[in-house]
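Work through the exercises below with the model open beside you. Try each task before you read its solution.

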Amino acid sequence: MENLDLNHIREYYAGFDSDKLEDLALNEISRLDQKALPLLEAEIQKRNLDPKLIEVVRSYQDSRRPEIIKKWLDKLQSQPCPYCDRNNGPLVGTWRRTIKSFIFVTTTSKSPVIACKNCAADIQRKAFQSSALLGWWGLPNGLLRTPFVLYNISKDRRESEKLSKEQLQEFTLINMGHLIYSSDDSSFLNQILKAYNGIDT
Ligand SMILES: [Zn+2]
């Protein structure tokens, strides 16, 4: 990024109202260029906004350091399960994959899941059963695609540890702002996890 662009970004941030800066730090930060982060930090500092916002922006600047990721990943994993609301050990990440057919219409879905081990296993078992039961009855896609969906669910189970690590890391990077900013507010983190899992609250 050229200096000219950085100057432009500095002016841009200076023109934002404080709510917009807060929104940027909490919700948009994973999409910002690393080089823009010190400018955002400086603007937040200049306005004496909540010091937790500065911690968010700094953590993102260091987010390639494994210990930073690990700190917030541990925080994430120690939350109660968004499905059963219990503290059943560290949360894990996986996919919910389903296929359903009705004559000529076949629909597939793939959505991320972060849950306790029991709930994650339960979700996958149900997704497998319903796909094995309802996937085939569509021509031609149901017949063609159901075996792949069932294979992928089995593969997710076989490679659960690797998949979990990837999913949790992805969530942590995207939501680090919320994890830091709301680190003392378990009910807010629980709401974010519920929203991520598509659970109505
Ligand atoms: Zn659970």
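Helices here are DSSP runs of H or I with at least four residues, and strands are runs of E with at least two; both are numbered from the N terminus. The model is predicted.

**Exercise 1. The cis peptide bond**

Which two residues does a cis peptide bond join, and in which loop does proline 140 lie?

Solution.
- Step 1. Look at omega. At the bond between leucine 139 and proline 140, omega is about -10 degrees, and the bond is cis.
- Step 2. Place the proline. Helix 6 covers 117-134 and helix 7 covers 141-158; proline 140 sits in the loop between them.

**Exercise 2. The two helices around that loop**

Describe how helix 6 and helix 7 pack: give the angle and the distance between their axes, then the hand of the crossing.

Solution.
- Step 1. Start with the rule. Two packed helices are described by the angle between their axes and the distance between the axes.
- Step 2. Read off the values. The angle is about 165 degrees, and the axes of helix 6 and helix 7 are 10 Å apart.
- Step 3. Classify the angle. Values over 145 degrees count as roughly antiparallel. Helix 6 and helix 7 are therefore roughly antiparallel to each other.
- Step 4. Give the hand. Helix 6 and helix 7 cross in a left-handed way.
- Step 5. List the contact. Helix 6 brings Gln124, Ala127, Phe128, Ser131 and Ala132, while helix 7 brings Thr146, Val149, Leu150, Ile153, Asp156 and Arg157.
- Step 6. Sort by class. This contact of helix 6 with helix 7 holds six nonpolar, three polar and two charged residues.

**Exercise 3. Helix 8 and helix 5**

Are helix 5 and helix 8 roughly parallel or roughly perpendicular to each other?

Solution.
- Step 1. Take the geometry. The axes of helix 5 (residues 66-77) and helix 8 cross at roughly 90 degrees and come within 9 Å.
- Step 2. Apply the cut-off. Angles of 65 to 115 degrees count as roughly perpendicular. Helix 5 and helix 8 are therefore roughly perpendicular.
- Step 3. Find the residues. Ile69, Trp72, Leu73, Lys75, Leu76 and Gln77 of helix 5 meet Leu168, Gln169, Phe171, Thr172, Met176, Leu179 and Ile180 of helix 8.
- Step 4. Sort them. Nine are nonpolar, three polar and one charged.

**Exercise 4. Helix 8 and helix 4**

Which residues of helix 4 and helix 8 make their contact?

Solution.
- Step 1. Set the frame. Helix 4 (residues 51-61) packs on helix 8 (residues 160-181) at about 145 degrees, with the axes 9 Å apart. The crossing is right-handed.
- Step 2. Name the residues. Helix 4 gives Lys52, Glu55, Val56, Ser59 and Tyr60; helix 8 gives Met176, Gly177, Ile180 and Tyr181.
- Step 3. Sort them. Five are nonpolar, two polar and two charged.
- Step 4. Check the loop that leads from helix 3 (37-46) to helix 4. Asparagine 48 lies there. Its phi is near 55 degrees, a positive value in a residue other than glycine.

**Exercise 5. The two domains**

How many residues does each domain give to the contact between them, and which helix supplies the largest share on the side of domain 1?

Solution.
- Step 1. Split the chain. Domain 1 is 3-61 and domain 2 is 77-196. Their centres are 33 Å apart.
- Step 2. Count. Domain 1 gives 10 residues and domain 2 gives seven residues.
- Step 3. Trace the side of domain 1. Helix 2 (18-28) and helix 4 each supply at least two residues. Helix 4 has the largest share, five residues.
- Step 4. Sort the side of domain 1 that touches domain 2. The classes are five nonpolar, three polar and two charged.

**Exercise 6. The hairpin**

How many bridges join strand 1 to strand 2, and which residue stands opposite glycine 93?

Solution.
- Step 1. Strand 1 (residues 92-102) and strand 2 (residues 105-115) run antiparallel, joined by 11 bridges.
- Step 2. Match partners. Glycine 93 faces isoleucine 114 of strand 2. Isoleucine 99 has threonine 108 as its bridge partner.
- Step 3. Inspect the turn. Two residues lie between the strands of this hairpin, and isoleucine 103 in the turn has a positive phi of about 55 degrees.

Terms used. Residues are numbered from 1 along each chain as its sequence is written. This is a predicted model: local features need pLDDT of at least 70, side-chain atom pairs count only at pLDDT 80 or more; totals for chains, interfaces and linings use all residues. Axes are lines fitted to C-alpha atoms, for helices over the stretch in contact, and angles run from 0 to 180 degrees between N-to-C directions. A crossing is left-handed if the near helix is turned anticlockwise from the far one by less than a right angle, and right-handed if clockwise. Two residues are in contact if their C-beta atoms, placed from the backbone, lie within 7 Å. Ala, Val, Leu, Ile, Met, Phe, Trp, Tyr, Cys and Pro count as nonpolar, Asp, Glu, Lys and Arg as charged, and the others, Gly among them, as polar. Domain bounds come from an automatic or database domain assignment. Two strands pair if DSSP finds at least two bridges between them. Angles under 35 degrees count as roughly parallel, over 145 as roughly antiparallel, 65 to 115 as roughly perpendicular and the rest as oblique.
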